[in-house]
Amino acid sequence: MHHGGGREIKFRLQLRVEIAVMKSLWRLGFYKYNHLNNNNKKMSIQKCFPSGAQRRYSYCVAPMIMAEPTRGLMDEPVKLEIRHLRPNQQVTLQSRLLSEDADWWEAYGHYVSNSEGIVQVARDKSCGGTYTGQEPMGLIWSMKLAPGSRPGMRLRKKDVTVPYLITVSMYDGWISGNFNKEAVLASVVLERSYMAPGITRLELKEGPVFGTIFFPPGPGPFPAVLDMWGGGGGLVEYRAALLASRGFAALALAYLGHKNIPQSLQTFDPELSYFKEAFKTLNNHAKVSKGSVAILGLSLGFTLALLMATEVPNIHPKCLVCISGSHYNILQKGGTKGFPDLHKDQRKIKFTEDGSMIWRNIPLPFPDDPKQMIQVDKIRCPLMLIFGDDDQNWPAPESAVEIWKMLKAAGKEHLLTTLSYPQTGHLIEPPYSPHFRESKFRVPSADKPVTILWGGQAKPHSDAQEDSWKKILVFLEEHLVFQHPAAVVQSNL
């Protein structure tokens, strides 16, 4: 017994030494992988000594998700690769995030590993899920409210200083629900930011003007963008933050439905005094290159941008980017009429089967009275129009045609760049933002939020957002940044 016990102790000591040697040689690169069989979970390590002697150890390798980059801007693609699967293994990839409104959002895709047990999301096709086909960013743009969530919500970043945290998890087999009851084989957390490192965010309160201004790193001066959203009101910062991350000073302007804007200022006087002051404030800022300011507006912001460029004296934007709006002057009489009147316009409002409102017919047909339309032939700067052919909220496609006619008649069609996207709705946002075909919306003439049909289909709408953002940046660079090449920022998180 004593002799046998000695052998056992000697064996254990030898095993410990060999394990230590194996770890050291592993770090020094003296090991190489060899498949034992077609089941990729079982593998061997072949240890090569100078004498040529070999020892083999079997072990199991867990699947893993590799992401590049794990930290990035919202408009930057992510490469996802899953390794150490069985050949031809069916797996489900799911993305999930918790919004600042405490709603869960998720997306998922079904994949099959190749003969080496690898899935590359940028290369391989999803066979099912919230998206199909070869979609490198499908796990982001196809996100929807998780089952059981409040209906009619939108995913919008409120605090741009904090990134979205998106968990990507992998499951065995193709599953389409009850993910919390399935075993997670691997996961990775992605950080998606609107603000790049070094971006400065400042609250702006100068005279009546209130908003948030963002600056790229450096002393400046920078070309700038006045950023205006639509009739939803509030202070929406994420697009301005992303513009700053791409090299522009950007002012996210609050002008409606915000606690810091007095009710007396939440009116659209004929002189648009508040917006004139906002433009001058940005243009005169010490870190802004004076005379190199663009205006970007969506929906009601589209109308305001056109009015500022055509009707407000001493406003000279370098260029305009107008998204999903119209030259129909809904603000023609001033006051607070930034929205349709749900009672007066009732006969032109249509409803879907589930009760969502369609507003696109309210201004149609466009009136013959030129006083009710913005005189876009007064524009003196380059204009980019962006719209979706399936905009169910406002007649942006029809308006684009009329604007082109007016500019052509004035001999100014060379100033116009038009981007038209099929099966795309009203809410054209920065890349990879989830698509919202309908959502809740508050209007002054209703005592509670209504549900608005925005239009579009998820896949073509996502394509439109990605393509239009790239072209917006090129357009702004062409008319602003080329004069200030030092302002271009490469944002690596």
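**Entry 1: β15 and β17.** I started with two strands, β15 (residues 222-228) and β17 (residues 288-298), and found that they run parallel and are joined by 6 bridges. This is a predicted model, so I'm noting that up front for everything below. I then looked for a facing pair and got one: Leu226 stands opposite Ile295 in β17. Reminder to self: strands of a sheet pair through backbone hydrogen bonds, and the pairing can be parallel or antiparallel.

**Entry 2: the whole sheet.** Next I asked in what order the strands sit in the sheet. I read off β13-β14-β16-β15-β17-β18-β21-β22, so 8 strands in an open sheet by DSSP's strand pairing. The pairing is mixed. Which strands are at the edges? They turn out to be β13 (200-206) and β22 (416-421), and each of them pairs on one side only. I also looked up the twist, which averages 20° from one strand to the next.

**Entry 3: a helix on the sheet.** I followed β21 (383-388) and β22 to see what lies across them, and it is helix α6 (residues 396-409). Helix α6 runs at about 155° to β21.

**Entry 4: cavities.** Then I went looking for holes. How many cavities of 30 Å³ or more are there? The count comes to 6. The largest cavity has a volume of about 100 Å³. It is lined by 14 residues, and the closest to its centre are Met74, Leu155, Tyr164, Tyr194 and Pro434. I sorted the lining of the largest cavity by class and got 11 nonpolar, 1 polar and 2 charged residues.

Technical notes
Residues are numbered from 1 along each chain as its sequence is written. This is a predicted model: local features need pLDDT of at least 70, side-chain atom pairs count only at pLDDT 80 or more; totals for chains, interfaces and linings use all residues. Side-chain values use heavy atoms; hydrogens and water are left out. On a 1 Å grid over the protein atoms alone, a cavity is a set of points where a 1.4 Å probe fits but cannot get out, and a pocket is an open set with protein on both sides within 12 Å along at least five of seven lines; lining residues have an atom within 4 Å of a point. Grid points are joined across faces, edges and corners, and a volume is the space filled by probe spheres set on the points. Ala, Val, Leu, Ile, Met, Phe, Trp, Tyr, Cys and Pro count as nonpolar, Asp, Glu, Lys and Arg as charged, and the others, Gly among them, as polar. Helices (H or I, at least four residues) and strands (E, at least two) are DSSP runs, numbered from the N terminus. Axes are lines fitted to C-alpha atoms, for helices over the stretch in contact, and angles run from 0 to 180 degrees between N-to-C directions. Contact means heavy atoms within 4.5 Å.
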